[in-house]
Amino acid sequence: MKLYKAYAKVNIFLKITGARGNYHEIISRFMRVDSLYDELSFVAKNRDDAFKIIGEFSCKTEQNTIYKAYIALLDSLDETPAKSLKNLMDKYAVEVKKNIPAFAGLGGGSSDAATFLKMCNEVLDLGLSQNELALIGLKVGADIPFFIYGYDSANVGGIGEVVEEFKEELLDFEIFTPKIEISTPKVYRAYRENFYNPIDGFKVEKLKKTPSLDILKKMSADEANDLFKPALQEYKELKNYYKYGYYFSGSGSSFFRVKERKQ
Ligand SMILES: C[C@](O)(CO)[C@H](O)COP(=O)(O)OP(=O)(O)OC[C@H]1O[C@@H](n2ccc(N)nc2=O)[C@H](O)[C@@H]1O
Ligand SMILES: Nc1ncnc2c1ncn2[C@@H]1O[C@H](COP(=O)(O)OP(=O)(O)OP(=O)(O)O)[C@@H](O)[C@H]1O
């Protein structure tokens with residue numbers, strides 16, 4: 001069966017622009033990490049088994065983003081395509097070769113979910129547009145729309161649903177992920193309680209136009225990512241891993257820097 005790659009991402013910058021209920025509106029440059037991906041495929045399974053995910057996961061199937069994406073997709077479909085989807089998942093398991101670390105700020109779970117949605121759309125010929133898939137994905141996680149569109153680089157806004165391609169060369173990253181299980185809601189909560197200071201529209205427009213390499217030359221790690229300071233506050237041990245010249249991805253715990261321009 002065909003292998004599908006679910007790439008990781010890094011957040012070159014991540015600035016908060018406001019609040020929306022329990023969520024935060026952001027402006028962030030997402031870049032795909034070409035060298036780090038999970039591999040997903042459909043493999044034949046016993047018809048009697050329930051929805052099955054094969055792979056090394058620390059969570060139950062019901063909590064897996066792939067399962068949540070399946071439920072969200074089922075909910076969005078009319079009766080006939082919903083039946084085909086159920087039929088597909090009766091016959092096949094989703095096998096995942098997990099390479100992207102979890103709790104890493106690299107979007108592993110989100111990328112798996114997005115890839116699963118795209119696989120179903122392709123295999124069942126559901127005819128869903130990228131916008132439709134992104135909206136279904138958004139119900140499962142804020143990072144999923146970026147992975148649906150599959151751009152190398154994009155400015156991501158709203159809570160994650162506004163994805164605008166940014167044309168630039170893909171960069172090659174060196175990444176390290178401290179073994180700290182960072183909770184994304186906890187970091188956002190700490191930001192809201194102690195660091196809340198949304199940036200203005202003028203700065204947003206400037207950031208959106210600046211190439212990623214320039215951002216990384218001009219900004220320090222804490223200037224580039226509004227979640228770095230709250231993460232340091234909530235996870236004191238993070239400080240021991242920080243190395244000068246590295247940047248913080250998402251809510252962590254990964255740090256990255258550019259290796260070289262991709263040939
Ligand atoms: C940190 C990032 O990964 C950066 O790309 C994302 O902003 C978070 O994306 P994610 O992990 O897919 O987030 P979700 O699983 O949708 O949300 C987890 C929790 O993070 C917080 N959250 C998430 C996204 C966002 N724009 N504002 C938030 O405040 C909310 O408390 C939410 O309940
Ligand atoms: N498909 C999946 N891959 C990895 N972890 C998953 C998946 N589905 C659910 N999880 C659970 O989600 C948590 C971590 O999620 P994930 O791998 O997406 O990392 P993350 O670093 O939080 O991602 P993000 O970049 O969005 O912050 C763990 O509790 C893990 O058990």
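A polar side-chain atom of Asp143 lies 3.1 Å from an oxygen atom of ligand 2 in this predicted model. The side chain of Asp143 also takes part in a salt bridge with that of Lys9, at 3.7 Å from N to O. Lys9 belongs to strand β1 (residues 4-20), whereas Asp143 sits in the loop between α4 (130-138) and α5 (144-149), so the salt bridge ties together parts that are 134 residues apart in sequence. The two partners differ in exposure: Lys9 is buried, with a relative accessible area of 3%, and Asp143 is partly exposed, at 21%.

Ligand 2 has 20 residues around it, and those that come nearest are Thr65, Ala104, Gly105, Gly107 and Gly109. Gly105 places a backbone N or O atom 2.6 Å from an oxygen atom of the ligand. Lys98 contributes a polar side-chain atom, which lies 2.9 Å from a nitrogen atom of ligand 2.

Lys98 also has polar partners within the protein. Its side chain meets that of Asp38 in a salt bridge of 2.6 Å, N to O. This pair links distant parts of the chain, with Asp38 in strand β2 and Lys98 in the loop between β4 (92-97) and α3 (108-123), 60 residues apart. Asp38 is buried, at 0% relative accessibility, while Lys98 is partly exposed, with a relative accessible area of 26%. A polar contact of 2.8 Å further joins the side chain of Lys98 to that of Asp112. Asp112 lies in helix α3 and is likewise assigned as buried, with a relative accessibility of 0%. Leaving out residues up to four places away in sequence, Asp112 touches Ala6, Asp38, Leu40, Phe57, Thr65, Ile66, Val96 and Lys98. Asp38 and Lys98, the two members of the salt bridge, are therefore both among the contacts of Asp112 when contact is taken as heavy atoms within 4.5 Å.

An unreviewed UniProt entry lists a "binding site" made up of Pro101, Ala102, Phe103, Ala104, Gly105, Leu106, Gly107, Gly108, Gly109, Ser110 and Ser111. Of these residues, Pro101, Ala102, Phe103, Ala104, Gly105, Leu106, Gly107, Gly108, Gly109 and Ser110 are included in the lining of the largest pocket. Ala104, Gly105, Gly107 and Gly109, named in the UniProt record, are also among the residues that come nearest to ligand 2.

Two of the annotated residues were examined further. Gly108 is found in helix α3 and is buried, at 8% relative accessibility. Beyond its neighbours up to four places away in sequence, Gly108 touches Asp38, Lys98 and Ile100. Asp38 and Lys98, joined by the salt bridge described above, thus recur as contacts of this glycine, on the criterion of heavy atoms within 4.5 Å. Ser111 also has its place in helix α3, and at 2% relative accessibility it counts as buried. The side chain of Ser111 reaches the backbone oxygen of Tyr7 at 2.6 Å. Apart from neighbours within four places in sequence, Ser111 is in contact with Ala6, Tyr7 and Phe147.

Phe147 is found in helix α5 and is buried, with a relative accessible area of 8%. Its contacts, not counting residues up to four places away in sequence, are Tyr7, Ala8, Lys9, Leu106, Gly107, Ser110, Ser111, Ala114 and Lys118. This set includes Lys9, the partner of Asp143 in the salt bridge, together with Leu106, Gly107, Ser110 and Ser111, which belong to the binding site listed by UniProt. Phe147 and Leu207 are 60 residues apart in sequence, and their C-alpha atoms are 21 Å apart in space.

The structure holds 16 salt bridges, and further examples involve other parts of the chain. The side chains of Arg32 and Asp152 meet in a salt bridge of 2.9 Å, N to O. Arg32 lies in strand β2 (residues 23-44) and Asp152 in the loop between α5 and β5 (153-157), so that distant parts of the chain, 120 residues apart, are linked by this pair. Arg32 is buried, at 14% relative accessibility, and Asp152 is partly exposed, at 32%. Arg20, Glu25 and Glu161 are linked in a network of salt bridges.

Terms used
Residues are numbered from 1 along each chain as its sequence is written. Chains are lettered from A and ligands numbered from 1 in the order in which they are written. This is a predicted model: local features need pLDDT of at least 70, side-chain atom pairs count only at pLDDT 80 or more; totals for chains, interfaces and linings use all residues. Side-chain values use heavy atoms; hydrogens and water are left out. A salt bridge is a side-chain nitrogen of Lys or Arg within 4 Å of a carboxyl oxygen of Asp or Glu. Helices (H or I, at least four residues) and strands (E, at least two) are DSSP runs, numbered from the N terminus. Buried means under 20% relative accessible area, exposed over 50%, partly exposed in between (1.4 Å probe, protein chains only). UniProt positions are given in the numbering used here, feature names are shortened, and annotations may be inferred rather than shown by experiment. On a 1 Å grid over the protein atoms alone, a cavity is a set of points where a 1.4 Å probe fits but cannot get out, and a pocket is an open set with protein on both sides within 12 Å along at least five of seven lines; lining residues have an atom within 4 Å of a point. A polar contact is a pair of N or O atoms within 3.5 Å; within protein, one must be able to donate a hydrogen and the other to accept it, and residues adjacent in sequence count only if both atoms are side-chain atoms. A residue is near a molecule or strand if one of its heavy atoms lies within 4 Å of it.
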